Amino acid sequence: MSAHVFNFTIEQGTTVNSSVMPPIEVVTENGSIFDLTGWNVRGDIKESFIKNGGVIASFDFVIDIISGTIQPSLSSEVTTAFEKASYVYDIEPYDASTPPVVYRIQKGRIKVSPEVTLSES
């Protein structure tokens, strides 16, 4: 599997869900739905692709085994903390074997549109 490139914009202080970042359909090389049973997913956001760079945030995920999709999300609390204008990310499903089998299925750049109105609640 090669990583699909998806660049998007986050409105600082808002929730990132399917309206911002569509579900990722995971398919095999021949185009059939990948069986995600027993797989976990990880995805980090950093300032650059430098290997040892600090993680700014990590996505939460909902895995739909039936449709073979992964829905990334970020809470409004997480996006409020974004201070830079742009970041990079990638998303990787991995299994429980040692060492794990890992596929990078999506990567890209995130632009941040700064928030003006801040909530005190």
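The exercises below work through a sheet and the salt bridges of a predicted model.

**Exercise 1.** Work out which strands form the edges of the open three-stranded sheet.

*Solution.*
- Start with the strand order, which is β3-β7-β6.
- The pairing is antiparallel.
- Look for strands that pair on one side only: these are β3 (24-25) and β6 (60-64).

**Exercise 2.** Describe how β3 pairs with β7.

*Solution.*
- Locate strand β7 at residues 69-73.
- Count the bridges: β3 and β7 share two, in the antiparallel sense.
- Find the residue facing Ile24: Ile70 in β7 stands opposite.

**Exercise 3.** Find the salt bridge made by Arg42, and say what it ties together.

*Solution.*
- The structure holds two salt bridges.
- Arg42 meets Glu92 through their side chains, at 2.8 Å from N to O.
- Place the partners: Arg42 is in strand β4 (residues 40-46), Glu92 in strand β8 (residues 86-94).
- The pair therefore links parts 50 residues apart in sequence.
- Check exposure. Glu92 has 17% relative accessibility, so Glu92 counts as buried, the cut-off being under 20%.
- Arg42, at 37%, counts as partly exposed.

**Exercise 4.** Show that Asp90 and Arg104 qualify as a salt bridge, and place both residues.

*Solution.*
- The criterion is a side-chain nitrogen of Lys or Arg within 4 Å of a carboxyl oxygen of Asp or Glu.
- The closest N and O atoms of Asp90 and Arg104 are 3.6 Å apart, and the two form a salt bridge.
- Asp90 lies in strand β8, and Arg104 in the loop between β8 and β9 (106-113), so parts 14 residues apart in sequence are tied together.
- Arg104 is partly exposed, at 31% relative accessibility.

Conventions
Residues are numbered from 1 along each chain as its sequence is written. This is a predicted model: local features need pLDDT of at least 70, side-chain atom pairs count only at pLDDT 80 or more; totals for chains, interfaces and linings use all residues. Side-chain values use heavy atoms; hydrogens and water are left out. Two strands pair if DSSP finds at least two bridges between them. Helices (H or I, at least four residues) and strands (E, at least two) are DSSP runs, numbered from the N terminus. Buried means under 20% relative accessible area, exposed over 50%, partly exposed in between (1.4 Å probe, protein chains only).
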